[in-house]
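User: I would like a close look at one part of this model, namely its salt bridges. Please also place them against the nonpolar interior.

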Amino acid sequence: MYKKIGQQSMRFSLPPIVRETATIVGPKEGDGPLADCFDKVLSDTLNGCESWEKCESSMLEWSIKSVVDKAQLSLKQVDYILAGDLLNQLMSTHFAVRDLHCPFIGLYGACSSMALSMIMGAMVIDGGFAHNVVGAASSHHDTAERQYRYPTELGVQRPLIAQWTVTGSGAVLLSDEKTLELPKITTATVGKIVDMGISDPDSMGPAMAPAAVDTIVQHFHDTGRDANYYDGIYTGDLGKIGKQLVIELLDEAGYAVGDRYEDCGCLIYRDDQDVHAGASGCASSAAVFCGLLYKELCKKNLNKILFIGTGCLHSTTSYQQNETIPCIAHAAAIEV
């Protein structure tokens, strides 16, 4: 059966269930309004490790092991781990899965990695190549800051447009199990690169917003749906400025999303937590989906959501060479 619909979307004939999720976050995230949604909150940003990078790896390893345990499976029953992070050569991910002895495919979608891992996992299961797949992503404020912007120890003042990279990790276990009544990934839309010429690495929300809109509109075109089909539409980490741009751009395109639309980067922190324009990072969407949205779907407070991972695909080298920021967004529809 040919499963592609429209230009960039697919409909799964055997929609995989999201069997379990697991989340771990840092102390700043644990002090925010979603604190009760997370499985584990660290007391500091090192968690007993020698470096922030090792801490990030430990969080990702913990989330992968925990989601398998919560699903009452063993790692031997996991066919593939699909995971990624923000650091060069997927540094955190590779060390996290080093001792898990499980088939692994590394994914780099920057901050869209959580949605990307879910879409790729659903494709692998729907294609008949796996029974159980773990999708996971991580980020750490201090590791991302010193790779993409300034050494954290300098204490450089951040501009108000900047966002705060979430310290945390989330993991989902996708399965072809048919006897469990759990949320399913039913359709997905793979994004294409959108580059509007923004080169400021502190201006990620405005850079990613057009990519998010491009994917959302394409999803509507390909599936014949509109915003009214969904109980909620959630982008990953656009923050306050990017969120407002999405609302305005969708309105110009003829799609009024109203109260159905929210950005994960606007949900994790309180206004008084000094994060400026909101949250960013792979763990922004990972923690909100695995910690909040999945629970709301299981309780049937939400029945149909469109989850859009958003990513800035620049590097320190491209920034130093005055390149602009190519952006991406991938969308997964999860329905009860």
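Analyst: The model is a predicted one, and the account below begins with one end of a charged pair before turning to the other pairs and then to the nonpolar interior. K3 is partly exposed, with a relative accessible area of 24%, whereas D126, at 7%, counts as buried. The side chains of these two residues, K3 and D126, meet in a salt bridge with an N to O distance of 2.9 Å. Because D126 belongs to helix α4 (residues 113-126) while K3 sits in the segment before β1 (4-5), this pair ties together parts that lie 123 residues apart in sequence.

In general, side chains of opposite charge can pair when their charged atoms come close. A search of the whole structure finds 14 salt bridges, and another of them joins K70 to E20 through their side chains, at 3.9 Å from N to O. Here K70 comes from helix α2 (residues 52-70) and E20 from strand β3 (residues 17-25), so the pair ties together parts that are 50 residues apart in sequence. K70 is partly exposed, its relative accessible area being 33%. This pair also belongs to a wider arrangement, since E20, D39 and K70 are linked in a network of salt bridges.

A further salt bridge is formed by D272 and R270, whose closest N and O atoms are 2.9 Å apart. D272 counts as exposed, at 59% relative accessibility, while R270, at 33%, counts as partly exposed.

As for the nonpolar interior, the largest nonpolar core has 56 residues, and those with the most contacts inside it are I185, F289, L293, F307 and I334. Helix α8 (residues 282-298) gives the most to this core, contributing 11 residues. Apart from this core lies another one, of 28 residues, which includes Y261, I308, A329 and A331.

I185 can be followed in further detail: once its neighbours within four places in sequence are left aside, I185 is in contact with F12, P15, P16, V18, M118, A122, L174, A332, A333 and I334. Among these partners, M118 and A122 carry numbers that fall within the range given for helix α4 (residues 113-126), the helix in which D126 lies. Likewise, V18 has a number within the range of strand β3 (residues 17-25), the strand that holds E20. The contacts of I185 therefore reach the helix of D126 and the strand of E20, two elements that also supply partners to the salt bridges described above.

Conventions. Residues are numbered from 1 along each chain as its sequence is written. This is a predicted model: local features need pLDDT of at least 70, side-chain atom pairs count only at pLDDT 80 or more; totals for chains, interfaces and linings use all residues. Side-chain values use heavy atoms; hydrogens and water are left out. A salt bridge is a side-chain nitrogen of Lys or Arg within 4 Å of a carboxyl oxygen of Asp or Glu. Helices (H or I, at least four residues) and strands (E, at least two) are DSSP runs, numbered from the N terminus. Buried means under 20% relative accessible area, exposed over 50%, partly exposed in between (1.4 Å probe, protein chains only). A nonpolar core is a set of buried Ala, Val, Leu, Ile, Met, Phe, Trp, Tyr and Cys residues joined through side-chain atoms within 4.5 Å. Contact means heavy atoms within 4.5 Å.
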